[in-house]
Amino acid sequence: MATFADTTFTAPEQIRNFCIIAHIDHGKSTLADRMLQITGVVEARAMRAQYLDRMDIERERGITIKAQNVRLPWTVDGADHVLHMIDTPGHVDFTYEVSRALDACEGAVLLVDAAQGIEAQTLANLYMALDRDLQIIPVLNKIDLPAADPDKYAAEIAHIIGCEPGDVLRVSAKTGHGVGELLDEVVRVVPAPVGQADAPARAMIFDSVYDTYRGVVTYIRVVDGKITPRERIKMMSTGATHELLEVGIISPEPKPSAGLGVGEVGYLITGVKDVRQSKVGDTVTSERKGATEALAGFREPRPMVYSGLYPVDGSDYPDLREALDKLQLNDAALTYEPETSAALGFGFRCGFLGLLHLEITRDRLEREFGLDLISTAPNVVYRVVLDDGKELVVTNPSDWPVGKIGEVFEPIAKCTVIAPSDFVGTIMELCQGKRGQLGGMDYLSEDRVELRYTIPLGEIIFDFFDSLKSRTRGYASLDYEESGEQAAELVKVDILLQGEPVDAFSAIVHRDSAYGYGTRMTTKLRELIPRQQFEVPIQAAIGARVIARETIRAMRKDVLSKCYGGDISRKRKLLEKQKEGKKRMKMVGRVEVPQEAFVAALSTDEPSDKKGKK
Ligand SMILES: Nc1nc2c(ncn2[C@@H]2O[C@H](COP(=O)(O)OP(=O)(O)OP(=O)(O)O)[C@@H](O)[C@H]2O)c(=O)[nH]1
């Protein structure tokens, strides 16, 4: 078996750079584990499941692992090779990073569960890989499962990528069956990297993570020239220069090396503390005699979904700011700016790549920083053209202009849904209800279809995925990407408590759904807001026109009514408990509103349902 006698500059002919792309749960991490094991990078006794997820390391050193890369030695027909496997994050919110990881490879292993077949993210990732002219190696996984139907799904894959069903490899990442042959195939069919060894250095950043001890660790793939430790490097998008403290490879732990040459994948450390200085997609070059032309297109990740984050306890505001500052060190895609809400006080308007990103961020803020937060219903970004031709970008319903609106544009998304054909009717009904336009429909095999829709992004981010799953008993998979904008008849619906609009409840919705939204919200709020000592009217309005109304009747909440006799300690306990309960409430005017009410708009189904999650 090959070893790394010398971890410096491998000849490009010996290198193969590839990634594994797959739908969620089709076995990417498990396959990566087997590869680590059979290449001898991790010894059998040190092996643990999902090695590259590095949960231990994450805990010990605070590295957040999004994409991973690892160098594997592999010998085919007596010739030693170096394989760089780049793991890609799976979720649609992080497509931006997946596309960068693909840019660092020449080949992709397309992994498909032999009991499930092609799913929406399989296709999305495959198209991204094909766009970049990567060599695709189709592989069916989990052939050990009794429910596996490799013949059926090999035909499905062959149909999509235009190969013979017999060309689709069959492996079990669990038992290791076929994994050695797969690595042989990688060496045989994935092209070796091509670059100019004598040219000025150019390396592409495909990921960067923040490590508490070492600062930012930047993952790069060298395209031309070489990067050596102790030289000064330059980030081409900003012109910022840094001293290189360390350059190395990962196998499977970071190992310093004497440098990285053409086609090599590894990491570099500069002591910088903020991942925004090592932007994914940027080109690294040497400060002296550096390259003048950056590698292909650099694009900042752009927030798609905005939501307000407010501390439940107003005095936590400075802590929230500090927590966001810290989190941003690690997450270049997170944006935030201070905002004030009449209802919620001081908080931040935060931009996210998608709902999952929002949920992860909120969760981390609460867990890692001990904050108690209210997040307002998320919304997408609208472009509003006023009558006088001026343009506004609205990321918060409270910034919606009053009157004089000429035209409004909303972002739209291209969606792919894959499901058993029995569900086509119900899926179409759902998509049409969300203002979707059918773009096309194909049969993947005789009983499974792919539907392509264009749907406004704002309609997808709420509970579309949940509705899709429940309508198809969990069988449908969804993928979407933003795809421009369209003019739409949108209005702002305000919700008023006791005649006062509550800014945190306002939402931008299509004119046709405004009435439905108004009645749903008022009904839901009537359920969620406890009775107060006075009557509380809840109204939904477009401008001055009220479109729905509910009333919470007055009631005196006497927690002591159950206490007969004079046990004072028990009374005190009950009063304390009532006070605790109040902490989770927010005073809006004179009305106590529970936290759940602020995310009520998230779930558009039954009022008593829980908030919709992705
Ligand atoms: N029976 C069997 N189970 C497998 C095989 N490969 C993976 N699994 C199981 O499938 C599940 C998902 O595998 P993962 O490796 O976590 O899948 P993944 O694609 O990395 O998933 P994400 O990281 O969530 O995208 C796990 O429970 C694995 O144990 C296989 O070859 N056979």
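**Thr 30 and the ligand shell**

Student: Which residues is Thr 30 in contact with, leaving aside its neighbours within four places in sequence?

Tutor: Ala 173 and Lys 174. Contact here means C-beta atoms, placed from the backbone, within 7 Å. Bear in mind this is a predicted model: local features need pLDDT of at least 70, side-chain atom pairs count only at pLDDT 80 or more, and totals for chains, interfaces and linings use all residues. Residues are numbered from 1 along each chain as its sequence is written.

Student: Where does Thr 30 lie?

Tutor: In helix α1, which spans residues 28-38. Helices are DSSP runs of H or I with at least four residues, strands are E runs of at least two, and both are numbered from the N terminus.

Student: And how does Thr 30 count, buried or exposed?

Tutor: Partly exposed, because Thr 30 has 19 C-beta neighbours inside 10 Å. Buried takes 20 or more other C-beta atoms within 10 Å of the residue's own, exposed 12 or fewer, and partly exposed is in between, with C-beta atoms placed from the backbone.

Student: OK, the ligand. Which residues come nearest?

Tutor: Gly 27, Lys 28, Ser 29, Thr 30 and Lys 174, out of 16 around the ligand. Near means a C-beta atom, placed from the backbone, within 6 Å. Helix α1 gives the largest share of that shell, three residues.

Student: What about Asp 25, where does that lie?

Tutor: In the loop between β1 (15-22) and α1. Asp 25 is exposed, because it has 12 other C-beta atoms within 10 Å.

Key
Contact = placed C-beta atoms within 7 Å.
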